[in-house]
Amino acid sequence: MDRRTAVCFAILTLAMATSSAIQLQIGARDEFRKTQIITTNSPFSIALETLQKQIDYSFQRIDLLRRAMTHASFSEENNRALSILGTSIIETSVAFRYLLDDIDISSKTLNREIAEVCNVESSCAVDGMRLGLHKVLRVSHKTNSTTPAVVCGAFRAIFGAVALDSGKSDAAAKVFLNVHTRTGELAADF
């Protein structure tokens, strides 16, 4: 092998080795990023951690809780759809609890009890305010985060987020009943 061929061969080998080493480093970095838990000390992240402790549920997908705490005035990625799901979970769990207690409950009474628990101003927003959601909820500067409808939407969205995070509406109903009965609304009945 002549000198010129040997030099080309050495450069080619060095380039391939360097390329392999760089690919290994990139792969290791990407793998580290996948497993790394990104912790931030932003006030919003701290508030989400506190909220998880308050509701006694730890999210696997914190992005769902972030969305639940984001009002439509703040972002297009907001809590509206989660709130709809949460409302259904609340209504179902209340109906279930009342029917367990009294299978002969009239439909009129059952509907009244469901409506009372889902009432924006007398129940839903009260529960949300007790959790301090008005302090966590991301809203535009033009939106009042203490408005009952805004707090209630976030409160309901939490349970929609729990259902999606766990893959089970029963888990969300359990979280709701634990949060709601701590406020005394259903505790007297169950």
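1. Leaving aside neighbours within four places in sequence, Ile114 is in contact with Glu91, Val94 and Ala95. Ile114 has its place in helix α5. With a relative accessible area of 13%, Ile114 is buried, because the cut-off for that class is under 20%. A further relation concerns Ile90, which stands 24 residues from Ile114 along the chain; the C-alpha atoms of these two residues are separated by 8.3 Å. The model discussed in this note is a predicted one.

2. The overall architecture may be stated briefly. The secondary structure of the chain comes to nine helices and zero strands, and the order along the sequence is accordingly α-α-α-α-α-α-α-α-α. The chain has 190 residues, of which 37% count as buried. Among the contacts with a separation of 6 or more, 64% are made by residues 24 or more positions apart. The chain exposes about 11800 Å², and carbon and sulfur atoms supply 55% of that area.

3. The nonpolar interior deserves attention next. The largest nonpolar core holds 46 residues, and those that touch the most other members are Ile55, Met69, Leu133, Phe155 and Ile158. At least two residues of this core come from each of α2 (43–55), α3 (62–68), α4 (80–101), α5 (107–118), α6, α7, α8 and α9 (169–182). Which helix supplies the largest share of the core? That helix is α8, with 11 residues.

4. The aromatic residues form a second theme. A search of the whole structure finds four aromatic pairs. One of them joins Tyr57 and Phe59 in an edge-to-face arrangement, with 5.0 Å from centre to centre and 85° between the planes. Both partners are buried: Tyr57 has 14% relative accessibility, and Phe59 has 9%.

5. Another pair is made by Phe155 and Phe159. Their ring centres are 5.0 Å apart and their planes stand at 80°, so this pair is also classed as edge-to-face. Both residues lie in helix α8 (residues 148–166), four residues apart, which is about one turn of the helix. Phe155 counts as buried at 1% relative accessibility, and Phe159 is buried with a relative accessible area of 0%. Ring pairs link Phe155 and Phe159 with Phe176 into a cluster. Phe155 thus appears in two settings, as a member of this cluster and as one of the core residues that touch the most other members.

6. Helix α6 (residues 120–131) can be described from its buried side. Its buried residues are Ser123, Cys124, Ala125, Asp127, Gly128 and Leu131. Why are they placed on the same side of α6? They cover an arc of only 165° around the axis, and therefore they share one side of the helix.

7. Both ends of α6 have features to record. At the N-terminal end, Asn119 acts as a cap: a side-chain oxygen of Asn119 lies 2.9 Å from the backbone nitrogen of Glu121. Just after the helix, Gly132 takes a positive phi of about 80°.

8. A positive phi is also found at Asp56, at about 60°, although Asp56 is not a glycine. Most residues other than glycine have a negative phi. Asp56 is found in the loop between α2 and α3. Is Asp56 buried or exposed? At 62% relative accessibility, Asp56 counts as exposed, because the cut-off for that class is over 50%.

9. Ser140 is a loop residue of another kind. Its position is in the loop between α7 (133–136) and α8, and at 18% relative accessibility Ser140 counts as buried. Which residues does Ser140 contact, leaving aside its neighbours within four places in sequence? They are Ser73 and Phe74.

10. The final point concerns Ala81, which lies in helix α4. At 58% relative accessibility, Ala81 counts as exposed. Ala81 and Ala157 are 76 residues apart along the chain, and their C-alpha atoms are separated by 7.7 Å.

Technical notes
Residues are numbered from 1 along each chain as its sequence is written. This is a predicted model: local features need pLDDT of at least 70, side-chain atom pairs count only at pLDDT 80 or more; totals for chains, interfaces and linings use all residues. Side-chain values use heavy atoms; hydrogens and water are left out. Buried means under 20% relative accessible area, exposed over 50%, partly exposed in between (1.4 Å probe, protein chains only). Contact means heavy atoms within 4.5 Å. Accessible areas come from the Shrake-Rupley method with a 1.4 Å probe; for residues, only the protein chains shown count as cover. Rings of Phe, Tyr and Trp (its six-membered ring) pair if their centres lie within 6.5 Å; planes under 30 degrees apart count as stacked, over 60 as edge-to-face and the rest as tilted. The arc is that of the directions from the helix axis to the C-beta atoms. A polar contact is a pair of N or O atoms within 3.5 Å; within protein, one must be able to donate a hydrogen and the other to accept it, and residues adjacent in sequence count only if both atoms are side-chain atoms. A nonpolar core is a set of buried Ala, Val, Leu, Ile, Met, Phe, Trp, Tyr and Cys residues joined through side-chain atoms within 4.5 Å.
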